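Student: Got a minute to go through the charged pairs in this one with me? Pull it up and we'll start.
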Amino acid sequence: MKHIAKFYLKNKSNADDVLVELYKIILDKVNSFDSEENGYNWMYTITKNLALDDNRRNKKIGYISGGYYETEDNSFQPLKTLIVEEAMAILNDKEKELLYRLYWEGYTIKEIAERDNVPISTIYTKRARIYKKMKKFLKN
């Protein structure tokens, strides 16, 4: 169970704490456990859920590891977020606004074209240019 806890925990040193909680739950629930069921699966699920709960409680990780980076406010974000932020930084305001409307506000290309009073092909072309610009940046 310790290996399972370490697999799901971002802070591996909390694995022993998760196991202590697991043993408490087992002792509390052992009388209601059906001996016909698979005990390993039961413990696995409890361990996994305890580890995920621990991650939520301790959002700030004390180290940088495997795909995380530290921000100015000492919180940790997925490395993918940093890469996207860097790629977005090369775009001008109009390009950022187009991506924002497409992916965050959920507008379709047709809706954006109608709103901006431009042909649909113009929005497709702008989007393609943005992707090409970001791809070039990310390759370097």
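Tutor: Sure, let's start with Lys-24, which is partly exposed at 46% relative accessibility (buried means under 20% relative accessible area, exposed over 50%, partly exposed in between, with a 1.4 Å probe and protein chains only). Keep in mind that this is a predicted model: local features need pLDDT of at least 70, side-chain atom pairs count only at pLDDT 80 or more, and totals for chains, interfaces and linings use all residues. Residues are numbered from 1 along each chain as its sequence is written, and side-chain values use heavy atoms, with hydrogens and water left out.

Student: Which side chain does Lys-24 meet in a salt bridge?
Tutor: Glu-21, at 3.6 Å from N to O. A salt bridge here is a side-chain nitrogen of Lys or Arg within 4 Å of a carboxyl oxygen of Asp or Glu. Both residues lie in helix α2, 3 residues apart, about one turn of the helix.

Student: And how many salt bridges does that rule give?
Tutor: The count is 5.

Student: OK, what does Lys-2 pair with?
Tutor: Asp-16, with the closest N and O atoms 3.1 Å apart. Lys-2 is in helix α1 and Asp-16 in helix α2, so the pair ties together parts 14 residues apart in sequence. Helices are DSSP runs (H or I, at least four residues), numbered from the N terminus.

Student: Switching over: is Arg-101 buried or exposed?
Tutor: Arg-101 is buried, with a relative accessible area of 9%.

Student: Which residues share a salt-bridge network with Arg-101?
Tutor: Glu-97 and Asp-116 are linked with Arg-101 in that network. The Asp-116 to Arg-101 bridge is 2.8 Å, N to O.

Note on methods. Helices (H or I, at least four residues) and strands (E, at least two) are DSSP runs, numbered from the N terminus.
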